[in-house]
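Reader: I would like to learn how to read a protein model, going from its overall make-up down to single residues. Could you take me through one?

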Amino acid sequence: MMIGYVAYLIVALVVIMFLSAAIRILREYQRGVVFTLGRFTGVKGPGLIILVPFIQQMVKVDLRVVVQDVPPQDVISRDNVSVKVNAVLYFRIVDAERAVIQVEDFMAATNQLAQTTLRSVLGKHELDEMLSERDKLNSDIQEILDQRTDAWGIKVSNVEIKHVDLNENMIRAIAKQAEAERLRRAKVINAEGEQQAAAKLVEAGRMLAAEPQAMQLRYFEALHDIAGERSSTVVFPLPVDLLSQFMKQQGK
């Protein structure tokens with residue numbers, strides 16, 4: 001009887017080990033790449049998966065979006081400025097078969113490719129473009145990475161440049177450049193204001209010259225403005241035409 005119980009116990013243990021090795025459960029975001037005697041036989045999941053123990057093996061693959069930080073890279077811009085740039089990479093697996101078969105470690109391969117692409121793309125642009133055109137640079141890097149990782153069954157959905165670090169000397173130089181640019185704009189705006197004011201004065205002068213009565217009314221308005229001020233000094237403006245006529249008579 002004891003031998004019979006031991007035999008039943010051994011059979012039960014064998015069955016339990018067989019079922020534990022044969023049954024796999026994959027979640028909704030997981031896929032299983034199945035190999036039979038070392039050869040690829042298909043992608044299964046999600047749900048209940050039954051494998052033949054010791055004959056079939058399965059590699060789990062996660063299909064969720066992976067967020068990967070690209071370490072700071074030393075980049076020399078096209079205008080010979082040395083900066084440190086880091087970025088964040090968003091990608092996911094769209095083909096589990098290629099992600100397992102075509103590349104040994106898709107995480108490391110994608111990260112290394114992102115580093116080299118970041119240096120290559122940013123090195124073709126000037127510092128001002130790195131600071132002001134990040135959306136365009138992000139799009140260029142994402143497009144290049146997406147094309148190169150397509151053979152690995154990986155879809156790069158987005159790339160975002162996080163920081164562009166400059167040294168102190170370059171920060172001071174950029175501050176001086178920005179100050180000079182603001183002064184230039186102020187001078188241009190002031191000159192444009194003077195130009196517009198001069199054009200209006202010329203137009204007003206032509207209108208006053210066309211109607212002598214208008215000049216007389218303007219003269220009275222000036223006297224009214226002077227009289228309204230609380231001052232002991234009264235200044236009477238004389239028309240320029242009157243002075244010119246007086247000078248002509250003196251010359252004669």
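Author: What follows goes from the whole chain to its sheets, then to two helices, and ends with two residues. Please keep in mind throughout that this is a predicted model.

Reader: Let me begin with the overall make-up: how many helices and strands does the protein chain have?

Author: A count of secondary structure elements is a useful starting point, and here the protein chain comes to eight helices and eight strands. Of its 252 residues, 23% count as buried, and among the contacts between residues at least 6 apart in sequence, 61% join residues that are at least 24 apart.

Reader: Where does UniProt place the transmembrane region, and how should I set that record beside the model?

Author: An annotation and a model are two separate sources, and it is careful to state each in turn. The UniProt record, an unreviewed entry, places the feature "transmembrane region" at residues 6-26. In the model, the chain over residues 6-26 is 81% helix and 19% strand, with its end C-alpha atoms 35 Å apart.

Reader: Turning to the sheets, in what order do the strands of the sheet with strand 2 and strand 5 lie?

Author: One reads a sheet by its strand order, its pairing sense and its edges. This open sheet has three strands in the order 3-2-5, and the pairing is antiparallel. Its edge strands are strand 3 and strand 5 (56-62), each of which pairs on one side only, and neighbouring strands are turned by 25° against each other on average when direction is ignored. Strand 2 (residues 30-36) is joined to strand 3 (residues 39-44) by five bridges, with Val34 standing opposite Gly42 in strand 3. Between strand 2 and strand 5 there are seven antiparallel bridges, and the bridge partner of Thr36 in strand 5 is Gln56.

Reader: Which residue takes a positive phi in the hairpin of strand 2 and strand 3?

Author: In a hairpin one looks at the link between the strands and at its backbone angles. This hairpin has two residues between its strands, and Leu37 takes a positive phi near 55°.

Reader: What is the strand order of the sheet that contains strand 7, and which helices pack on it?

Author: The same reading applies, with the packing of helices added to it. Three strands form an open sheet in the order 6-7-8, paired in the antiparallel sense; strand 6 (66-76) and strand 8 are the edge strands, each pairing on one side only. Strand 7 and strand 8 pair over 10 bridges, and Tyr90 has Asn158 in strand 8 as its bridge partner. Helix 3 packs on this sheet, touching strand 6, strand 7 and strand 8, and its direction makes about 35° with that of strand 6. Helix 5 also packs on the sheet, where it touches strand 7 and strand 8, and its direction makes about 140° with that of strand 8.

Reader: How do I read helix 5 itself, and where do its buried residues lie around the axis?

Author: For a helix, one compares its length with the expected span and then asks where the burial falls. Helix 5 (residues 134-149) has 16 residues and reaches 22 Å from its first C-alpha to its last, close to the 22 Å expected at 1.5 Å a residue. Its buried residues include Leu137, Ile141, Leu145 and also Asn138 and Asp146. Seen down the axis of helix 5, the buried residues fall within an arc of 160°, so they line one face of the helix. What covers them includes strand 7 (82-93), helix 3 (106-122), helix 4 (127-132) and strand 8 (154-165).

Reader: What do the buried residues of helix 3 pack against?

Author: Helix 3 has 17 residues and reaches 24 Å, close to the 24 Å expected. Among its buried residues are Phe106, Thr110, Leu113 and Leu118, and the buried residues of this helix pack against strand 6, strand 7, helix 2 (96-101), helix 4, helix 5 and strand 8.

Reader: To finish with single residues, why does Gln142 count as buried?

Author: The reasoning needs a cut-off: buried means under 20% relative accessible area. Gln142 has 17% relative accessibility, and therefore counts as buried. This residue is found in helix 5, and, leaving aside neighbours within four places in sequence, Gln142 is in contact with Val156, Ser157, Asn158 and Val159.

Reader: And which residues does Ile154 touch?

Author: Ile154, in strand 8, counts as buried at 2% relative accessibility. Not counting residues up to four places away in sequence, Ile154 touches Phe91, Arg92, Val94, Phe106, Thr110, Asp146 and Thr149. The C-alpha atoms of Ile154 and Phe91 are separated by 6.9 Å, although the two residues are 63 residues apart along the chain.

Methods: Residues numbered from 1 in each chain as written. Predicted model: local features only at pLDDT ≥ 70, side-chain atom pairs only at ≥ 80, totals over all residues. Heavy atoms only, no water. Helix = DSSP H or I, 4+ residues; strand = E, 2+ residues; numbered from the N terminus. Expected span 1.5 Å × (residues − 1). Buried < 20%, exposed > 50% of the residue type's maximum accessible area, 1.4 Å probe, protein only. Arc of directions from axis to C-beta. Contact = heavy atoms within 4.5 Å. Pairing = 2+ DSSP bridges. Axes fitted to C-alpha atoms, helices over the stretch in contact; angles between N-to-C directions. UniProt positions renumbered as here; feature names shortened; annotations may be inferred.
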